[in-house]
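Student: Let's go through this model. Start with a charged side chain and work outward from there.

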Amino acid sequence: MKLFGLIADNILRNPVRSLLTILGTMVLVFVVTLVWSILDFLNAATATRTSNFKAIVTERWRLPSQMPYSYAATLKEGAAREPGHIRPRDAMCWSFYGGSLDREKRTRENSLFAFALEPPKLLTMMDELDSLPPDQHREFAEVVRRLEQNRQGIILGRQRLEAIQKRVGDRIKIYSLNYRGIDLEFEIVGLFPPGRYDNSAAMNIDYLTAALDAYQRENGQPHPLADKSLNLVWLRMQDTAEFDRIAQQILTAPYYSNPAVKIETASSGIATFLEAYRDLLWGMRYLLAPAILVTMALVISNAISISVRERQVEFAVLKVLGYRPFHILSLVLGEAILVGSLSGLVSAALTFSVVNYVVGGIKFPIAFFGAFFIPSQALLWGTIVGAATALAGSFLPAWSACRVKVTDVFARVG
Amino acid sequence: MAQAQPPIVVVEDIHKFFTRGSERIDVLNGLSLEVPEGEFLALMGPSGSGKTTLLNLIAGLDRPSQGRIWVRGQEISSMSEGQLAGWRTRNIGFVFQFYHLIPVLTAYRNVELPLLLLPLSRAQRRRQVLNALDIVGLSDRIHHRPGQLSGGQQQRVGIARAIVTDPAIIVADEPTGDLDAKSAEEILDLLCELRSSLGKTIIMVTHDPRAAQRADRVLHLDKGRLTSEVPSAVS
């Protein structure tokens with residue numbers, strides 16, 4: 001502790017150089033924090049849970065999954081058909097309806113992609129929406145109630161609403177891209193709570209089903225997707241034993257032969273979906289992140305090397321005064337670690353605040369995730385990354401500083 | 001009178017050589033010396049004569065290639081580097097020609113540096129630092145950084161740093177070499193005062209005959225050997 005004052009004074013020795021080193025470290029910690037936040041989120045999403053988890057039922061052999069909606073009723077029951085069969089705790093069916101607000105001009109801004117589902121399931125089966133704080137839950141439950149009562153209703157995420165420049169209560173018409181010939185008019189009945197669903201939309205499945213019926217009435221034949229309108233079924237399981245039993249019930253059921261279905265845990269399903277991004281994620285994890293860490297270490301190493309070279313005489317003087325090599329090693333490493341950890345902490349704190357509260361998450365659409373948020377653990381990562389890379393980068397310069405030979409240094413000075 | 005004291009430094013037949021490539025450079029050749037406690041000794045000689053090397057060996061900054069050195073009864077020539085570092089803190093005060101103060105630290109913090117290695121409380125350190133700065137007459141400059149002090153004042157801070165641990169021996173390598181005549185005189189007065197008032201043994205390397213005249217004894221070195229021993233006229 002007695003040496004801490006010396007360490008702090010030395011950091012202020014060359015404020016410009018210290019500031020540049022701090023800024024360089026902060027920028028690199030910022031990038032590492034962004035990359036790790038995405039990877040951490042995806043890791044959490046694909047981590048296997050053992051209790052109260054969800055399973056996904058999809059078409060076995062085709063991607064994207066397109067099952068007949070007639071599968072929905074029995075799949076929601078876990079294909080329970082005999083005494084002794086068990087049912088999932090809850091279930092939700094998803095159909096995807098997507099299109100553009102402008103028939104002629106399709107842009108990212110005017111595109112809209114909605115989950116068609118039973119509205120009450122928004123409150124019980126959707127990640128994060130099933131665990132809202134009481135105030136938000138009450139508010140969102142009212143929005144869900146409006147969607148349930150108004151078959152033509154649609155709930156939008158805040159950023160999507162902003163992108164299409166509409167307000168709650170406005171009416172919109174979507175020219176469908178996947179359900180060609182089924183263009184639907186909607187009334188915006190409310191918004192998703194801020195966060196994960198900022199770019200999402202949800203509609204009432206009854207509206208899509210009715211539109212498919214109307215299509216058949218008007219055209220004399222069913223819509224090409226009429227028998228393929230069930231994309232995913234989510235089932236909530238108590239534990240892995242329950243999952244195994246229900247999976248067995250579904251896989252042995254006679255109802256799902258054409259097309260066949262498969263069931264997997266949500267984490268496994270998401271991991272399968274992320275296979276498409278495997279190379280990108282591999283590059284982020286094993287190339288980008290390490291490259292940034294090495295660059296950080298080199299930036300710090302460079303700054304500390306210059307400082308050590310300039311202070312050779314000082315180190316020699318300290319040795320004359322009785323300082324031992326480990327004292328000098330501690331001084332140099334201490335400076336680097338202090339700079340690194342403070343820069344890392346400040347950078348992570350700024351990243352956490354700005355990305356989460358100002359920017360509204362990292363816009364990196366992948367899988368079902370529209371935006372990623374910086375977890376609070378990033379404050380710890382940032383500090384540790386800053387300190388560890390500083391330690392790695394400064395070790396060689398610190399070692400050379402502590403090996404300074406007094407008589408050689410003063411022979412040169414004299 | 002100083003000659004009557006027992007020797008505080010005993011140098012016995014020391015040799016020191018360096019190698020540069022395959023070439024061996026002999027700096028000290030079988031030099032022996034005794035320095036009585038409380039003596040002010042000046043070492044003179046041409047460049048390369050070995051006087052700074054001898055000073056470094058006595059101060060425990062280097063070890064002889066051959067021969068033995070005792071300081072205050074302890075044989076320092078056989079100590080490890082770590083032992084020497086601890087020994088220096090308590091026994092040796094070093095004064096440099098170019099002061100070598102740490103520019104980002106105030107006079108107070110520069111003087112405090114050796115005390116950080118000792119098991120002292122903050123209050124004890126403060127007392128010793130203020131006492132040392134008072135002895136060198138810089139009580140009113142404790143918060144000044146080296147850049148805000150004159151050369152003479154910086155050297156006084158250097159001397160305060162050398163005496164703050166109350167060492168028995170002060171070694172000074174051309175302490176007046178970078179100073180004007182007036183400041184040099186003041187520094188020499190201060191060194192004499194340290195010897196007479198505090199009983200410090202002072203070993204000083206100098207090129208300046210006027211500085212050497214202030215010592216009790218002047219030793220001349222040439223090619224690593226003592227060539228003459230002259231009692232100072234002034235002392």
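**Salt bridges, interface and single residues**

Tutor: A:Glu118 counts as partly exposed, at 24% relative accessibility. On this scale buried is under 20% relative accessible area, exposed is over 50%, and partly exposed lies in between, with a 1.4 Å probe and protein chains only. The model is predicted: local features need pLDDT of at least 70, side-chain atom pairs count only at pLDDT 80 or more, totals for chains, interfaces and linings use all residues, and side-chain values use heavy atoms, with hydrogens and water left out. Residues are numbered from 1 along each chain as its sequence is written, while chains are lettered from A and ligands numbered from 1 in the order in which they are written.

Student: Which side chain does A:Glu118 meet in a salt bridge?

Tutor: A:Lys76, at 3.2 Å, N to O. A salt bridge here is a side-chain nitrogen of Lys or Arg within 4 Å of a carboxyl oxygen of Asp or Glu. The two residues are 42 apart and link distant parts of the chain: A:Glu118 is in the loop between strand 3 (111–117) and helix 4 (121–124) of chain A, and A:Lys76 is in helix 3 (residues 71–76). Helices (H or I, at least four residues) and strands (E, at least two) are DSSP runs, numbered from the N terminus. A:Lys76 is also partly exposed, at 24% relative accessibility.

Student: How many salt bridges over all chains?

Tutor: The count comes to 35.

Student: What does B:Arg214 pair with?

Tutor: B:Asp189, in a salt bridge of 2.3 Å, N to O. B:Arg214 sits in the loop between helix 7 (209–212) and strand 9 (217–222) of chain B, whereas B:Asp189 is in helix 6 (residues 181–198), 25 residues apart. B:Arg214 is buried at 18%, and B:Asp189 is partly exposed at 39%.

Student: And B:Asp208, which side chain does that one meet?

Tutor: B:Arg210, at 3.9 Å, N to O. B:Asp208 is partly exposed, with a relative accessible area of 23%, and B:Arg210 is exposed at 55%. Elsewhere, salt bridges that share partners join A:Asp9, B:Arg109, B:Glu112 and B:Arg125 into one network.

Student: Moving to the interface. How many residues of each chain are in contact?

Tutor: 23 residues of chain A are in contact with 28 of chain B, contact being heavy atoms within 4.5 Å. About 2,200 Å² is buried between the chains, and carbon and sulfur atoms give 65% of that. Buried area is the accessible area (1.4 Å probe) that two parts lose on being put together, summed over both.

Student: Which residues of chain A lose the most area?

Tutor: A:Lys2, A:Val320 and A:Leu321, which together account for 29% of what that side buries.

Student: What about polar links across it?

Tutor: The rule finds 3 salt bridges across the interface. B:Glu81 and A:Lys319 also meet through their side chains in a salt bridge, at 3.9 Å, N to O. There are 6 residue pairs in polar contact across the interface, both residues at pLDDT 80 or more. A polar contact is a pair of N or O atoms within 3.5 Å; within protein, one must be able to donate a hydrogen and the other to accept it, and residues adjacent in sequence count only if both atoms are side-chain atoms.

Student: Where on chain A does that side come from?

Tutor: Helix 1 (4–11), helix 11 (312–320), helix 12 (325–359) and helix 14 (406–413) of chain A each supply at least two residues. Helix 11 gives the largest share, 6 residues.

Student: Back to charges. Where is B:Lys51?

Tutor: In helix 1 (residues 51–58) of chain B. B:Lys51 is buried yet has no salt bridge, and the nearest side chain of opposite charge, B:Glu174, is 5.2 Å away. Lys and Arg count as positive and Asp and Glu as negative; His and the chain ends are not counted. The side chain of B:Lys51 reaches the backbone oxygen of B:Pro46 at 3.4 Å.

Student: Last one: A:Tyr179, buried or exposed?

Tutor: Buried, at 1% relative accessibility. A:Tyr179 is in the loop between strand 5 (171–176) and strand 6 (184–191) of chain A. Beyond neighbours within four places in sequence, the contacts of A:Tyr179 include A:Phe96, A:Tyr97 and A:His223.
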